[in-house]
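Work through the exercises below with the structure on screen. Each task is followed by a solution in steps.

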Amino acid sequence: DAIHSAPGVLIRCRSCPLPRIMEKRVLAAIVLSVVVLFVFRYFEERRLAELAKRQPRVTKQATTIPEPAPAPLPKEPPPPPQLPEAPAPVPSDTKAASQVLVIDGPMYRAVLDNRGAVLTSWRLKDYKSGRGEVFEMIAAAHDAENRPFPGALVLDDPALAAAVNGEHYSTEVSGDDGSAGTLAPPVTVVMRLRRGDLAVEKRFHFVRENYLVDFSASFDWAGRPLPGRMLLGQDIGPEHEHLLNPSFSLTSISNLGGKVKREGPPKDEKEIRRIEGEVRWVGLDMHYFTLIAIPRRPLTAFEIQKRPVKTAGLDGKEVNRDLVRLTIPSTGSGLYQIYLGPKKQSNLEAVQGAGLSAAIDYGMFSFLVVPLLYSLRWIQQYVHNYGLAIIILTLLLTLLLFPFRLKQVFSMKKMQ
C-alpha cells in the first residue's frame with residue numbers, strides 16, 4: 001500500500017515495519033544495558049571480595065597520631081581538683097577483679113568489659129562482612145591505651161580520665177543469673193566505681209527485639225557533677241569494609257531540629273568542631289550500618305574530631321584512614337538509647353518517637369524509591385524471597401503502565 005511519488009517528494013508508508021523495528025531495538029538496548037550493569041557489578045564484587053580475603057590479617061595495628069588535649073568547653077564550671085598521683089586507699093574504694101560479660105540475644109552478641117565499663121563488641125548475627133564473617137559493629141581500637149569504645153568518658157583531668165576508663169568496676173546483674181555462661185536479653189547490668197571522692201555509675205539495659213541498649217552514666221567528684229564528654233565512638237564496622245568501598249566514607253550523622261545532616265571530620269586533626277543546635281539524635285554512619293545515640297532530651301551540641309590512622313590496605317600496603325571521633329558534652333550525667341545495627345527500615349522505625357528512618361539516604365528520587373521499597377517489602381512478607389518479590393513487583397508495574405503504553409502505541413500508529 002505504499003504511495004509512490006516523484007523524486008524529491010516525501011514518501012509515506014503505512015505498512016513499513018521500520019517503527020516497530022526501532023521500538024524493538026530500543027527495548028533490546030535497554031535490556032542489554034541493564035544486564036551488562038548487573039554482570040559487571042557481580043564480577044566486580046567477586047573480585048573485591050577475593051581481594052579482601054587475600055588481605056593479610058593484621059594482629060597489631062599501627063599507632064595513631066597522639067591525641068591533642070581537648071579544648072576546654074565554653075561556659076562550663078571550673079575543673080575539679082586533680083587526683084593525687086598515688087591516692088591513699090580508703091575502705092569505700094571499689095575492689096573488683098577483671099570481668100567480661102557476654103550478652104547473647106537472637107539478633108546480636110554483645111561483650112561488656114568491666115574495665116572502664118565499656119562495650120567492646122557488638123556482632124550482628126544476621127549480617128556478614130565481605131570476608132563472610134559475622135559483622136562486628138564496634139571497630140577494633142587503633143589506640144588500645146585510650147580504649148575508644150562506646151560508653152568511655154573523656155575528662156579534662158588526665159588522672160580522673162585514667163581512673164574512669166582504666167579501673168575495674170563492680171558488677172551487678174538483674175534479669176538473668178548467667179547460669180548458662182552468658183546473659184540473655186532483656187537484662188540490666190550496673191557497673192560502679194569509687195576511688196576516693198570519685199564516684200561513677202554506668203547502667204546498661206539490653207533490649208531483646210532490636211539492636212538497642214539503654215545506657216546511662218553518672219560521674220561526680222565529692223558529690224559535685226564532673227564536666228566531661230561521653231565518647232560514642234570513632235569508627236564502626238570491620239576496617240576492610242571501608243577499604244572495599246572507599247567512596248562510602250565514615251561520617252557523623254545527626255538530627256538537628258528535624259533536619260538530618262551528615263558531617264565529615266575537620267581537615268585539621270587538632271580542631272574539635274562543635275556543632276550546636278537542637279540535637280535530637282547523633283551518631284556515626286557508614287553506607288549500610290549506623291551507630292546512633294538518642295538522648296532522653298535534645299542535646300545542645302556535640303563535637304567531632306579527625307583521627308588519622310595508618311593501616312594495611314587490601315594489597316597489604318600501608319594506607320591512611322580518617323576516623324571521626326564523636327563525643328557528647330555532659331556535666332555529671334547522661335541518659336541515652338543507643339542503636340547499633342543495619343539501616344533497615346523496619347528496625348529503625350521500631351525505635352519509637354526517634355525518627356531514625358531518616359538516617360537512610362534515598363537521594364533525590366526518594367519520592368519514587370520509598371513507595372517502591374514499601375511495595376517490595378509488602379510482597380516479600382508473603383513470598384519470603386526478595387528475588388521473586390522483584391519479579392512480581394515488575395509484573396505489577398508492567399500491568400499498571402500497560403494502558404499508557406498502549407495509548408502511546410496507538411498514537412505512534414496514527415502519526416505513521
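**Exercise 1.** Find the loop in which alanine 222 is found, and state the sign of its phi.

Solution. Step 1: alanine 222 sits in the loop between β9 (212-221) and β10 (224-225); strands (E, at least two residues) and helices (H or I, at least four) are DSSP runs, numbered from the N terminus. Step 2: its phi is near 55 degrees, which is positive in a residue other than glycine.

The model is predicted: local features need pLDDT of at least 70 and side-chain atom pairs pLDDT 80 or more, while totals for chains, interfaces and linings use all residues. Residues are numbered from 1 along each chain as its sequence is written, and side-chain values use heavy atoms, with hydrogens and water left out.

**Exercise 2.** Which peptide bond joins proline 185 and proline 186?

Solution. Step 1: the bond is cis, with omega about 5 degrees. Step 2: proline 186 is placed in the loop between β6 (170-174) and β7 (187-195).

**Exercise 3.** Compare the span of helix α5 with the expected one.

Solution. Step 1: the expected span is 1.5 Å times one less than the number of residues. Step 2: α5 (residues 366-383) has 18 residues, so 26 Å should be spanned. Step 3: the end C-alpha atoms of α5 are 25 Å apart, which agrees. Step 4: histidine 384 follows α5 and has a positive phi, near 60 degrees.

**Exercise 4.** Where does helix α6 bend?

Solution. Step 1: α6 (residues 386-415) has 30 residues and reaches 42 Å from first C-alpha to last, close to the expected 44 Å. Step 2: the bend is at phenylalanine 402, by about 45 degrees (the angle between axes fitted to the seven residues ending there and the seven starting there). Step 3: proline 403 follows within four residues.

**Exercise 5.** How are the rings of phenylalanine 135 and phenylalanine 289 arranged?

Solution. Step 1: rings of Phe, Tyr and Trp (its six-membered ring) pair if their centres lie within 6.5 Å; planes under 30 degrees apart are stacked, over 60 edge-to-face, the rest tilted. Step 2: this rule gives 8 aromatic pairs. Step 3: the two rings have centres 3.9 Å apart and planes at 15 degrees, so the pair is stacked. Step 4: phenylalanine 135 lies in β4 (residues 134-136) and phenylalanine 289 in β15 (residues 289-295), so the pair ties together parts 154 residues apart in sequence.
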